[in-house]
Amino acid sequence: MAHVKTEVEGRIAVLWLDRPEKKNALSLAMTREIHAALDELEAREDVAVLILAATDPSCFTAGADVGELRERRKADALLGINQRVTRRFEEFPHPVIAAVRGYALGIGTELAIACDLRVAGEGAVFGLPEVGLGIVPAAGGLRRLAALTGVGFAKEMILTGERIDARSALRYGLVNRVVPTGEVLAEARRLAERIARNGTLAVRLAKAAVNAAVQAPGATMDLVECLVQAVLFDDEEKEARMRSFLDRRRK
Ligand code: COA
């Protein structure tokens, strides 16, 4: 795989996002690699906990690949390409811990909140800049964030598109803990090892049951996210905003 790596040590697996030259901008190819990696990890009986991390300590991911997003239309939105990725982590049979260092923007925040637990570095930056690009965070951002942070703060993040630092993320419940950036992976591993000491089936069913309790309307909301994004993907303002984002970067 070109941009996704996995490793398993003991009962703990790590899935590494590894496209540092593009700040881990999530491309379609990368989403396919993530699905393939998760297929393999799900099939392993020795894995009890998964950590999602990025090899680049400055960036978890800077969001979906805007060059690709710009080309996506209504039919693509209805496929829920990125939404299916976040759902894979949510539905991974064992707990998933996001180890967030640096930027977690757009789908970066959405990936983190689809995981079961989140450890953030002191320099972590979260944000959902989608509305600034004329679209919405339709990879679970619209449906999951309010459950973690409360509706008021979720709306502030989604409607303003402003970034927040790790301390604010902790205050609003977006992350479980904040540690020095150099200790994020060690802390994620410590948590993973603590979980792995418990009954594997008990932990697995506990995750599934808590998910079931908070996600009763999840399937409906997944559809709503896709429909909203489908309208926006064909909108002229999205085209103009993404063109100006890409043009700014070329200069
Ligand atoms: N999609 C596509 N490419 C992206 C990207 C994205 N979401 N985020 C970063 N990149 C690319 C840049 O275009 C650049 O490519 P280049 O070297 O070929 O020009 C490369 O990654 C490095 O990014 P750069 O902006 O130079 O790094 P930086 O350290 O100055 O800034 C960020 C980092 C995260 C602040 C900045 O990249 C950014 O704001 N990214 C977009 C965030 C966003 O709006 N995401 C939401 C998408 S829905």
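Helices (H or I, at least four residues) and strands (E, at least two) are DSSP runs, numbered from the N terminus. With those labels in hand, welcome to a set of close-up views of a predicted model.

**View 1. The largest pocket has a volume of about 990 Å³.** Its lining is made up of 47 residues, and A62, A64, V66, L133 and F245 are the ones nearest the centre of this pocket. Seven elements are named as giving at least two residues each to the lining: the helices α2 (66-71), α3 (74-79), α4 (81-91), α5 (107-114), α11 (218-233) and α12 (236-250), together with the strand β6 (103-105). Helix α12 gives the most, with 6 residues. By class, the lining of the largest pocket holds 22 nonpolar, 11 polar and 14 charged residues.

**View 2. The second largest pocket encloses about 560 Å³ of space.** Here 23 residues form the lining, with D116, V210, N211, V214 and Q215 closest to the centre of the pocket. At least two lining residues come from each of α5, β7 (117-121), α6 (141-149), α10 and α11. The largest share belongs to α10, which supplies 6 residues. Sorted by class, the lining of the second largest pocket has 14 nonpolar, 3 polar and 6 charged residues.

**View 3. Helix α5 is largely enclosed by the rest of the structure, because 8 of its 8 residues are buried.** Follow the helix along and you will meet I107, G108, T109, E110, L111, A112, I113 and A114, all of them buried. Helix α5 also appears in both pocket views: at least two of its residues line the largest pocket, and at least two line the second largest pocket.

**View 4. A cavity of about 40 Å³ is the largest in the model.** The count of cavities of 30 Å³ or more comes to 1. Around the largest cavity you will find A48, V49, H94, P95, I195, A196, N198, G199, T200 and V203. Helices α9 (184-196) and α10 (200-214) are the elements that give two or more residues to this lining. Its residues divide into 6 nonpolar, 4 polar and no charged ones.

**View 5. F153 and Y172 form a stacked aromatic pair, 3.7 Å centre to centre with 5 degrees between the planes.** The pair counts as stacked because planes under 30 degrees apart meet that description. The two rings join distant parts of the chain, 19 residues apart: F153 belongs to helix α7 (residues 151-160), while Y172 lies in the loop between α8 (166-171) and β10 (177-179). F153 is buried, at 7% relative accessibility, whereas Y172 is partly exposed, at 33%. The structure holds 1 aromatic pair, so there is no second one to look for.

**View 6. The charged end of K238 sits over the ring of F233.** The distance from that charged end to the centre of the F233 ring is 4.7 Å. Both residues belong to helices that supply lining to the largest pocket, F233 to α11 (218-233) and K238 to α12 (236-250).

**View 7. C115 and C226 are in no disulfide.** The model has 0 disulfides. For C115, the nearest cysteine sulfur is that of C59, 15 Å away. C115 is buried, with 5% relative accessibility. For C226, the nearest cysteine sulfur is that of C115, at 19 Å. C226 is likewise buried, with a relative accessible area of 8%.

**View 8. T61 lies in strand β4 (residues 59-61).** This threonine is buried, with a relative accessible area of 0%. T61 and A104 are 43 residues apart in sequence, yet their C-alpha atoms are 5.1 Å apart in space.

**View 9. K23 and N24 each have a positive phi in a residue other than glycine.** Most residues other than glycine have a negative phi. Phi is near 55 degrees for K23 and near 60 degrees for N24. K23 is in the loop between β2 (12-17) and α1 (28-43), and N24 is found in the loop between β2 and α1 as well. Their exposure is worth a look: K23 is partly exposed, at 38% relative accessibility, while N24 is buried, at 0% relative accessible area.

Definitions and conventions. Residues numbered from 1 in each chain as written. Predicted model: local features only at pLDDT ≥ 70, side-chain atom pairs only at ≥ 80, totals over all residues. Heavy atoms only, no water. Phe/Tyr/Trp six-rings, centres within 6.5 Å; stacked < 30°, edge-to-face > 60°. Buried < 20%, exposed > 50% of the residue type's maximum accessible area, 1.4 Å probe, protein only. Lys NZ or Arg CZ within 6 Å of the ring centre and 35° of its normal. 1 Å grid on protein atoms, 1.4 Å probe; cavity = no way out; pocket = protein on both sides within 12 Å on 5 of 7 lines; lining within 4 Å. Points joined across faces, edges and corners; volume = space filled by probe spheres on them. Nonpolar A, V, L, I, M, F, W, Y, C, P; charged D, E, K, R; others polar. Disulfide = S-S within 2.5 Å.
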